[in-house]
Structures are given as structure tokens and as C-alpha cells.
Amino acid sequence: MITFQEEPYPDDRTYGILCPLVKRWFKGKFREFAVPQKYALLNIHNRLNTLVSAPTGSGKTLTAFLSIINELASLSEKNMLEDKVYCVYISPLKALNNDIEKNLREPLTEMEELIGKPMGIRVVVRTGDTPSSAKSRMLDKPPHILITTPETLSIVLNAPKFRQLLKDVKWVIVDEIHSLAENKRGVHLSLTLERLQNLAGRFTRIGLSATISPLDKVGEFLVGYENGEVRDCRIIDVQFLKKLDLKVLTPVKNIMDTTQDELQNSLYRLIDDLVSSHKTTLIFTNTRSGTERVVHNLKSRFPNRYSDNIGAHHSSLSREHRVAVENSLKEGRLKCVVSSTSLELGIDIGYIDLVILLGSPKSVARALQRVGRSGHRLHETAKGRIIVMDRDDLVECSVLLKNALEGNIDKIHIPTNCLDVLAQQIYGICIEEKQYIENIFHLVRRSYCYHDILRQDFDSVLDYLSGEYVALEERSVYAKIWVDHMTGMMGKRSKLARVLYSTNVGTIPEESYVTVKIGTQRVGKVEEGFLERLKKGDIFVLGGNIYQFRYARGQTAQVSPAVGRVPTVPSWFSEQLPLSFDLASSVGRFRRLMEERLDIGEGKDDIVKFILDFLYVDENSANSLYEYIREQFLYAEIPTDKRVLVEFYRGFRGEKYVIFHSLYGRRVNDALSRAIAYVISKRERRDIMISLTDNGFYLSAGSSGVNALQALEDIKSLDLRKTLTKAIDRTEVLARRFRHCATRSLMILRTYKGRRKSIGRQQIGSKVLLNFVKKLPGEFPILKEARREVLEDLMDVSNAEKILNGIRSGEIRIEEVSTEIPSPFALNLIAQGYMDYLRLEERLEFIKRMHEATLRRIGLKR
């Protein structure tokens with residue numbers, strides 16, 4: 001049962017559980033308990049599962065560890081400390097693990113100084129980087145507190161000697177649980193925790209999270225199920241403990257009435273002013289290339305102020321570079337650090353007094369997590385500034401700011417019933433010892449991520465692992481377990497099983513660059529994440545030239561020149577974060593409120609006052625919002641959460657576009673656009689181009705018309721999931737995701753007998769396997785999982801179905817408009833295709849020209 005704890009415990013009760021040494025140390029170090037400690041310490045002492053959601057710097061980590069240190073100190077005092085692991089701390093980041101080790105050693109050392117002798121409490125980090133000699137020492141002197149990663153924990157459960165040390169684990173701490181719950185690392189961990197419970201019996205689960213929603217679901221993810229019911233969990237929600245100082249800023253007074261040079265100069269002057277007036281600033285961009293661009297511009301524009309005191313931090317940089325930047329931050333040697341997403345998690349980076357977000361972070365939770373990196377101490381204010389460069393961003397960030405300040409957090413998506421992860425974990429379970437099939441099925445269903453898995457899906461994974469698909473052996477996919485249905489038992493087959501498992505364990509897919517060629521001529525390279533978004537016929541820019549995608553084989557993509565064609569997929573598309581469905585819906589509701597006021601003829605002053613009261617923005621922003629939405633109102637219709645506007649527009653070269661203004665986020669739009677395009681292409685036997693954003697998408701077949709409304713009508717009577725399953729069947733996205741699933745499920749081994757298989761060979765092998773398993777009777781479990789991953793994790797088919805249901809019921813209306821010039825809300829979507837091959841100054845000029853033509857059309861300009 002999930003219970004939200006409303007009240008803290010009295011301090012005297014909390015002090016009452018502390019042993020004399022820990023109490024003496026704590027009172028000498030702190031004036032009082034931090035707020036999370038007031039709620040949680042007694043729960044953890046009483047062995048209650050507890051999820052703590054609190055901002056960075058609020059004392060979460062000590063909250064988790066203090067009761068545990070207290071019990072270990074008591075055992076040490078009585079000479080009852082045994083050579084075994086009492087507590088396992090799990091973090092998604094190795095760097096965070098090292099921070100935690102240092103932060104734990106400090107209080108233990110200080111307590112030892114108080115009593116003048118060692119307590120003998122051992123804290124050790126074990127990850128994939130731990131040398132063999134250190135692992136051997138752990139067997140002689142086991143850590144009492146083991147600090148590790150999700151992957152390493154699943155490996156040590158299969159290490160015969162170390163496994164014995166885990167038989168009496170009392171506590172498991174899962175840090176940064178918000179970053180694990182929404183991906184397959186979290187799914188993997190949920191099963192690992194159930195495997196650990198089988199070994200150690202019931203232990204207390206402690207989850208530590210930054211801002212996230214819904215907390216009850218994250219609590220269920222942490223604790224899992226027992227006999228079909230959610231285990232007990234106390235939730236402590238103090239995530240709005242810190243005061244927030246948030247503002248949306250625009251570098252210029254009028255975004256539409258400026259030149260590219262003015263916009264760039266004003267942007268970097270604004271950033272410099274903000275950085276100069278603060279001690280240490282952390283800047284978040286939404287792309288790695290954006291991070292490099294900001295660092296370069298600040299250094300080149302202000303050489304006297306930025307040289308060695310500014311750094312870049314993102315995942316493409318070497319580990320050594322990232323660690324150096326982190327250490328320089330901690331030591332106060334950096335004035336400014338620019339990052340994409342790599343500093344969102346709680347690595348100790350010292351004092352930050354301002355966070356700047358360049359562009360929308362696309363979700364309220366992500367905005368609060370990023371801004372929460374500032375004001376690292378408990379009673380300090382978290383200070384954030386969101387800088388916007390276009391009008392869509394202004395609307396989005398203004399609504400985001402309102403939701404952040406009012407505590408309306410978007411919901412995360414927790415993947416469920418992932419059959420590739422299940423296959424990997426069942427193999428690991430069989431390596432431990434022979435198992436009863438029924439026992440393993442019940443273990444799997446104790447995980448939140450599998451609590452409703454169908455028996456036929458579980459059995460299909462066993463069939464794959466045990467070699468029931470005999471023909472797979474001809475393609476070098478061999479049985480990994482044996483299953484005896486007569487006795488109901490199963491176990492591992494190979495003597496190499498333990499090595500094979502430990503060298504291939506994990507869920508993070510290997511990614512690399514793909515070489516782009518015209519025949520045998522090499523023209524450049526693109527990231528795999530970009531390639532998987534391409535379908536045959538898509539147009540994109542590489543190195544300033546325009547190409548049409550033909551097909552990919554292994555790690556090579558074949559293209560043909562497409563001079564003069566408009567790109568359908570922008571070069572930054574794969575890096576761009578998707579807008580959350582909940583925030584998109586909030587923006588849609590705001591548009592609807594604005595339309596109601598414009599409909600009844602409310603004056604500008606009254607509407608601007610409403611915006612100022614409703615959104616917490618400044619007067620410049622309120623005026624810009626009013627002008628933008630009024631222009632759309634006068635020119636066409638305002639698309640809202642209850643209205644999808646379909647705009648028919650003819651481009652400069654005669655190309656026809658059908659623009660769907662569907663403000664539901666890119667993941668939903670990906671699903672809707674692919675389904676509609678698939679229905680059209682099947683009926684009309686031609687390729688349909690798609691371009692999409694968070695605010696909508698367009699379909700085009702060049703100069704020919706596209707009967708998109710009929711396709712939408714057809715889809716209303718179809719099963720969306722089945723339609724999308726057919727639509728993605730021959731796409732790169734399915735081929736790439738199938739490779740990821742095949743490596744997770746150990747169909748394809750990344751490492752075998754010490755040799756690593758290149759990503760190119762993995763991809764070629766997976767294409768062969770994909771074509772084969774499509775022909776198998778029924779639905780092969782790993783193919784089923786690849787399809788599920790594309791539809792549910794990459795796209796958002798569930799919310800797309802909600803939108804279709806709204807259209808069917810009439811709750812969401814479809815309205816049409818034909819335009820000779822793109823409507824104001826369509827400008828960014830249409831311009832997106834031109835952005836990659838127009839020069840910077842031409843991009844802004846293009847949008848300005850379109851905007852001026854729109855103003856003339858609605859009589860606001862002569």
C-alpha cells in the first residue's frame with residue numbers, strides 16, 4: 001500500500017533512535033534535522049520502505065544513510081559487526097558513486113575521531129571499472145556498505161563467492177530513481193531487486209528522487225508487488241521545499257523585428273551580463289552542438305572574461321575531460337560551465353548560484369531538476385533564467401514557468417513488460433542454480449514493470465532461450481537454458497554461461513556514427529540516432545549539401561543528391577528533447593483561454609493584464625504572447641487542446657503541404673503522422689514526406705495533393721497500434737531498435753570469448769535475424785519487444801490513442817483552413833525544412849518575410 005506521509009516526526013523521537021556516538025556527532029555538525037530527515041529517519045529505522053522526493057542540497061543522501069550508519073555504529077560498539085554486506089547503494093552514475101563514497105567516509109572518520117579509535121565500518125565502490133585485485137580484497141574484507149551500479153549488482157548476484165556476502169542485506173538505497181524509472185535500466189534493476197530479495201529475504205527499500213510525478217507510481221516501481229498487491233511504501237514529498245526564483249527572458253524586445261546579428265549579439269550580451277553578476281553559472285543547452293557553440297561564442301566575443309574559467313560538459317566528451325570540469329567546478333575555478341544533459345543528475349559540482357536554460361527544457365520536471373542544481377544548500381533559493389529565441393518557445397516556456405511555480409509536474413513514462421530485459425534476467429537467474437519455472441514466473445511478477453505480464457509472453461521468452469526456435473541455430477543463435485516441462489525445472493546450458501552473461505549484461509545500447517555514401521564515394525557521417533529517424537525518400541542536409549536517403553546496410557547509409565529539394569528532417573532532430581504530453585496539453589489549454597477572450601472582443605490591455613496575472617511573465621513577454629496568438633486568431637483559427645487545425649498550404653515551388661496543428665508533443669505527433677502517412681501511401685501507392693515538431697506535423701507528396709483528411713477519417717475506424725506496427729515494418733527505426741533488443745536479449749553477443757563484435761557487424765547480423773524472425777509463426781518475443789519499444793517508448797501511442805478517441809467522440813474538433821502564406825503558428829514548422837541550407841541571416845529573413853506577409857493579409861501592416 002502506498003501512503004503519503006503528511007507530517008514530520010517530532011525531533012525528540014528522531015533523536016531518540018540515535019546511538020550516543022551518532023547523536024553527539026550530528027549535534028556537533030548540524031543545528032537541526034533537514035526537512036527530509038524529520039520525515040524519513042524514523043521510517044528507515046523502523047524498516048519501512050521509503051521514497052524521498054526532495055530538491056538537490058536538501059539532505060536526501062544523509063537522510064538515507066543516517067539510520068543505517070546509526071545501526072552499524074551500534075553494532076561496532078558491541079563488537080557485533082559481521083563480515084557481510086548490510087547495505088547496497090545503487091546509483092546510475094559511476095561519478096556519483098565516487099562522490100557518495102567520499103561523503104560517507106567523512107562522517108565515519110569524524111565519528112572515529114570523537115571516540116579515538118576505528119569503528120571498522122567499511123564502505124567500498126564496485127563498478128565495471130573496479131580492478132580484479134580490489135574485487136579479491138572485497139572477499140577477504142567485505143564492504144558493510146556496497147556502492148554500485150544497476151548492472152554491477154546483477155553481475156555480483158551471479159558471482160558465487162560474493163553472492164554469499166549478500167545473503168543478509170538489510171537495506172537497499174536507489175539514488176536518482178527518477179532517472180532510472182523511465183528507461184530500461186530501471187526495468188532491469190526492478191528485476192535485479194527481486195532476485196536479491198530471493199537471496200536475502202525482505203530488505204528495506206529506500207528511493208531518493210529529484211522532482212518527479214506521479215510519485216505513487218515511482219513508489220510502486222521502487223517496492224514492487226507481493227501476492228498481487230503493492231508492497232507498503234511511505235512517500236515523503238518535500239520537492240517544493242526550496243524557494244524558486246524563475247524568469248523567462250527574451251534577448252530583444254521584439255523577436256520578429258530584429259536581424260540575426262542583433263539577436264545573436266543581444267543573446268550573448270544577456271548571457272554575459274547574467275554570468276558576470278553571479279559567482280558560478282551553469283548553462284544548459286538542449287544539444288551537444290549547442291553546448292560547443294555557446295562556449296565558443298563566449299570565448300570569442302569576450303576574450304578578456306572567458307578563457308580557462310569556462311568549460312563544456314556533455315556525453316560526447318571524454319570521461320577525463322568531464323571529470324576535470326567537475327573537479328574545477330568543485331574547487332571554484334570555473335565561472336561558467338555549459339552542458340547539454342550530462343549535469344542534470346546529482347553529481348557533486350560545488351556551489352552554483354544561477355542556472356540558465358537556453359531554450360525550452362520541454363518538461364516541467366526537467367526544468368526543476370536543472371534549476372535545482374543552483375542554491376545547492378537547503379535554505380538557499382534555486383535561481384533559474386530561461387532564455388527564449390522564438391515565439392513558440394516563449395509560449396511554451398511561459399506556461400512551463402507557471403506549472404513549475406504552481407507544482408504541476410508532468411508524468412513520466414515507466415516502460416513495462418520489456419521482453420528483451422526479461423530474457424537477459426532469466427538467463428542470469430538460471431546461472432545462479434536450477435530453478436522451478438513457476439517460482440521464476442512469480443519472481444518476475446513481483447516487479448512493478450512485470451506485475452501484469454501475460455503468461456504466454458513469459459513462456460515465449462523461455463521458448464526463445466531454450467532453443468525452441470530451432471532454425472535460429474543456423475544463424476548462430478544458440479539455446480542458453482534448458483527447460484524440462486515434465487519436472488517444471490530450468491537451468492543454464494553452457495559452462496561459459498557466467499562469463500557470457502557478465503560480459504554482455506546491461507541495457508544501454510551501443511551507438512556509433514554511420515558513414516554516408518553515394519555509391520562508393522564517402523560524403524560524411526551521421527549519428528545512429530539521426531539515421532533511425534530516416535525513411536526512404538527523406539531529405540536532409542550534410543556538410544552544406546542536400547541528400548535523399550535511399551537505404552542503410554550495416555553502418556553505411558546510401559543517399560543520392562537532392563539539389564534544390566526542401567529537407568524534411570533537420571540535422572539536429574535526433575538530439576532535440578521531445579515536449580512532454582502534459583506540458584503540451586497545458587499550452588493548448590492556455591491557447592483556448594486566450595481564444596475565449598479574443599472571441600468576445602476583449603481589448604488588448606485586458607488580455608495583457610490576464611496574461612500577466614496568469615503566467616508570471618514580464619510586460620514585454622506578455623505583449624509578445626498577445627501579438628502572436630492574436631495574429632493566428634485573425635489569420636485562421638487557434639489550435640488548442642480541443643481543436644486540431646488542418647492547414648492546406650502551397651509552397652514557393654508549387655509543393656503542397658497538409659499541416660496538422662496538433663499540439664500534443666513530438667512523440668504523439670510521430671505516431672499520428674506515421675499512421676496517416678502509411679494509410680495514404682497504401683491507398684495511393686506513393687511515398688509521403690513527413691516533417692514534425694512538438695506543435696504539429698506536415699505531410700507532402702511534392703506538387704501532388706495529399707488526401708490527408710480521408711486518411712484521418714480511415715484511421716478513426718482502425719486499430720492505431722496495428723496500423724503503426726505495419727507502418728514501421730520496413731523502417732530504419734525498427735531495424736535499429738531490433739538490434740538493441742537483440743543485444744539486450746543476448747541473441748547478438750557484443751562480446752564472445754574476449755572478442756568484441758563491431759556495431760557494424762552487429763547491425764548486419766540483426767538485419768538478417770530481423771528478416772528471419774518476421775517469417776516465424778506467431779510473434780517472436782524479441783521482435784514483439786522491438787515493436788513495443790518504438791510504439792510506446794520512442795513514440796507515445798497511448799496518448800495518440802487518447803487524441804483519436806477525442807476526435808471520434810467530438811471532444812476534439814477538426815477544422816480546416818487553406819492558406820497562401822503559412823499561418824503564424826505554421827511558420828516554424830514550414831521554415832524547419834529550410835533551416836539547414838539557408839545561411840543564419842537568411843533564416844531569420846525568411847521568417848520575417850513570411851511574418852510581414854501575414855500581417856499585411858490581416859491588415860496589421862501595409
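A residue counts as buried when its relative accessible area is under 20%, as exposed when that area is over 50%, and as partly exposed in between (1.4 Å probe, protein chains only). The structure is a predicted model, in which local features need pLDDT of at least 70 and side-chain atom pairs count only at pLDDT 80 or more, while totals for chains, interfaces and linings use all residues. Residues are numbered from 1 along each chain as its sequence is written, and side-chain values use heavy atoms, with hydrogens and water left out.

**Exercise 1. Cysteines**

Task: Determine how many disulfides the model contains, and explain why Cys397 forms none.

Solution.
Step 1. A disulfide is a pair of cysteine sulfur atoms within 2.5 Å.
Step 2. Under this criterion, the count is zero disulfides.
Step 3. For Cys397, the closest cysteine sulfur belongs to Cys336 and lies 19 Å away, which is too far for a bond. Cys397 is also buried, at 0% relative accessibility.
Step 4. Cys449 is likewise in no disulfide, since the nearest cysteine sulfur, in Cys418, is 6.9 Å away. Its relative accessible area is 0%, so Cys449 is buried.

**Exercise 2. A salt bridge between two helices**

Task: State which helices hold Glu438 and Arg455, and classify the accessibility of Glu438 and of Arg455.

Solution.
Step 1. A salt bridge is a side-chain nitrogen of Lys or Arg within 4 Å of a carboxyl oxygen of Asp or Glu. The model has 61 salt bridges by this rule.
Step 2. Glu438 and Arg455 form one of them, with an N to O distance of 2.9 Å.
Step 3. Glu438 belongs to helix H18 (residues 437-446) and Arg455 to helix H19 (residues 455-465); the two residues are 17 residues apart, and the pair links distant parts of the chain. Helices (H or I, at least four residues) and strands (E, at least two) are DSSP runs, numbered from the N terminus.
Step 4. With a relative accessible area of 39%, Glu438 is partly exposed. Arg455 is partly exposed as well, at 29%.

**Exercise 3. A salt bridge between a strand and a helix**

Task: Identify which elements are tied together by Arg643 and Glu595.

Solution.
Step 1. The side chains of Arg643 and Glu595 meet in a salt bridge at 2.6 Å, N to O.
Step 2. Arg643 is in strand S25 (residues 643-650) and Glu595 is in helix H22 (residues 581-599), so the bridge ties together parts that are 48 residues apart in sequence.
Step 3. Arg643 is buried, at 6% relative accessible area, and Glu595 is buried at 9%.

**Exercise 4. A salt bridge within one helix**

Task: Describe the placement of Glu785 and Arg788, and name the network that includes these residues.

Solution.
Step 1. Glu785 and Arg788 form a salt bridge of 2.9 Å, N to O.
Step 2. Both residues lie in helix H30 (residues 781-794), three residues apart, about one turn of the helix.
Step 3. Glu785 is buried, with 1% relative accessibility, and Arg788 is buried, with 11%.
Step 4. A network of salt bridges links Lys184, Asp420, Arg721, Arg737, Arg744, Glu785, Arg788, Glu789, Glu792, Asp793 and Glu801.

**Exercise 5. The whole chain**

Task: Give the numbers of helices and strands in the protein chain, and the share of its residues that is buried.

Solution.
Step 1. The protein chain has 33 helices and 31 strands.
Step 2. Of its 862 residues, 60% count as buried.
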